[in-house]
Amino acid sequence: MKKRLAFLLIAALLLSCLSGTALALDVGDECPYCQIGTLSSTVTFAYNWGHRIYAKCSNYQCGMDVLINQENHDLTGLTCWQGKKCPICNWDYLNPDNHDDRCTLQWITTATTHKKEWSACGKVEVAEEAHNWSNGQCLDCDYVCEHDWSEKNGVCKICKLPCTNVPEGATCTTAVECSVCRTSHTNPNKHEDSCKLQWISTSATTHKQAYFRKS
C-alpha cells in the first residue's frame, strides 16, 4: 500500500512539473518518497520563465529534494527590454518575444560578416556569418563591399569581384595602370588603327570575324 501511495505521489509531482502549476505540498508535509521524514528547508531555482521551489526531506537516509512549488512568471505588459522582479524568486525577468517600437530588427555588419539582432534587447535572429557576395553586394543584408585591391591582381580581396574600371588610354593591345585597383588593364573594346576586323576560315564550311593586329 505504501509503495502504491508513493508511486501515485511521484506521478502527481511529474504531472505538476509538466503543467507548470503549484503543487499540493508544503514545508512540514510528509516526504512522498520515504514517507518517514518531513519536508523542511527550501531552496529556490529561478529562470526567466518562472521558478521552482524544493524542500529537503529531514530523513537523512532519504534526503530527497522534493519539488513543492512551480510557477510561471506573469509576462503581461512586459517587453523584451523592460521587465520586473519576481517577489518570490527575485529574478529580473522579461518577455523576450515581445518587441516594442524601441526595439527594431537590424543588421550589424563588418567588412566581411553580418548578424541580425534586435536593437534594444540584443536578441540574435541570425548568428554572425560571412557575407553572401554577388557582384560586390551581400544578397542577405545588402551590404556593399568597400573593395580591397591590395593583392594587386585586379580582383577584390574581400568579395572576389574583378575590377571593371577601364583606364583611360587603354586599348585591346595596350595596358594602362588602373587608378582604382592599381593593376594594368587593357580595353578589349577599343581597337587601335593597327588592329583590323577581318573574316577568317575556321573550317571548310565555317568562318568567324575577329580583330587582328597588322604586323
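**Reading the labels in a predicted model**

Guide: In the protein chain of this model, 22% of the contacts with a separation of 6 or more are between residues 24 or more positions apart. The model is predicted. The protein chain holds 1 helix and 14 strands, and 27% of its 215 residues are buried.

Visitor: What makes Lys 85 and Asp 92 a salt bridge?

Guide: Their side chains come to 3.2 Å, N to O. The cut-off for a Lys or Arg nitrogen and an Asp or Glu carboxyl oxygen is 4 Å, and 3.2 Å is within 4 Å, so the pair counts as a salt bridge. In general, side chains of opposite charge can pair when their charged atoms come close.

Visitor: Is Lys 85 called buried or exposed, or does it fall in between?

Guide: Its relative accessibility is 47%. Buried needs under 20% and exposed needs over 50%, so Lys 85 is partly exposed. Asp 92 has a relative accessible area of 53%, which is over 50%, so Asp 92 is exposed.

Visitor: How do you know that Asp 97 and Lys 123 belong in the salt bridge count?

Guide: The closest N and O atoms of Asp 97 and Lys 123 are 3.0 Å apart. That value is within 4 Å, so this pair is a salt bridge as well.

Visitor: Why is that pair said to link distant parts of the chain?

Guide: Asp 97 lies in the loop between β5 (92-93) and β6 (105-109), while Lys 123 lies in the loop between β7 (113-118) and β8 (124-130). The two residues are 26 residues apart. Asp 97 has 60% relative accessibility, over the 50% limit, so it is exposed. Lys 123 has 31%, between 20% and 50%, so it is partly exposed.

Visitor: What makes Glu 177 and Arg 182 a salt bridge?

Guide: Their N to O distance is 3.6 Å, which is within 4 Å, so the rule is met. Glu 177 is partly exposed, at 48% relative accessibility. By this rule the count comes to 5 salt bridges, among them the three pairs named here.

Visitor: How many disulfides are there?

Guide: The count is 0. Cys 86 is in no disulfide: the nearest cysteine sulfur, that of Cys 89, is 3.6 Å away. A disulfide needs sulfur atoms within 2.5 Å, so 3.6 Å fails. Cys 86 is buried, with a relative accessible area of 4%, under the 20% limit.

Visitor: Why is Cys 163 not bonded to Cys 181?

Guide: The sulfur of Cys 163 is 3.7 Å from that of Cys 181, its closest cysteine sulfur, and this is too far for a bond because the limit is 2.5 Å. Cys 163 is buried, at 13% relative accessibility.

Visitor: What makes β1 and β3 edge strands?

Guide: The sheet is open, has 3 strands in the order β1-β2-β3, and is paired antiparallel. β1 (39-46) and β3 (65-72) each pair on one side only. Neighbouring strands of this sheet are turned by 20° against each other on average, direction ignored.

Visitor: How do you know that β1 pairs with β2?

Guide: 6 bridges join β1 to β2 (residues 50-57). Pairing takes at least two bridges, so 6 is enough. Thr 44 has Ile 53 in β2 as its bridge partner.

Visitor: Why is the pair of Phe 45 and Tyr 54 called an aromatic pair, and what is its geometry?

Guide: In general, a pair of aromatic rings is described by the distance of the centres and the angle of the planes. For Phe 45 and Tyr 54 these are 5.6 Å and 85°. The distance is within 6.5 Å and the angle is over 60 degrees, so the pair is edge-to-face. Phe 45 is partly exposed, at 40% relative accessibility.

Visitor: What makes the pair of Trp 133 and Tyr 143 tilted?

Guide: The centres are 6.2 Å apart and the planes make 55°. That angle is neither under 30 nor over 60 degrees, so the pair is tilted. Trp 133 sits in strand β9 (residues 133-134) and Tyr 143 in the loop between β10 (137-138) and β11 (176-177), 10 residues apart. Tyr 143 is buried, at 16% relative accessibility. The structure holds 3 aromatic pairs, including these two.

Visitor: Why do β6 and β8 stand at the edges?

Guide: The strands β6-β7-β8 form an open sheet in that order, with antiparallel pairing. β6 and β8 each have a single partner strand, so one side of each is left without a neighbour in the sheet. The average turn between neighbouring strands in this sheet is 15°, direction ignored. β7 and β8 are joined by 4 bridges, and His 114 stands opposite Glu 129 in β8.

Conventions. Residues numbered from 1 in each chain as written. Predicted model: local features only at pLDDT ≥ 70, side-chain atom pairs only at ≥ 80, totals over all residues. Heavy atoms only, no water. Buried < 20%, exposed > 50% of the residue type's maximum accessible area, 1.4 Å probe, protein only. Axes fitted to C-alpha atoms, helices over the stretch in contact; angles between N-to-C directions. Phe/Tyr/Trp six-rings, centres within 6.5 Å; stacked < 30°, edge-to-face > 60°. Contact = heavy atoms within 4.5 Å.
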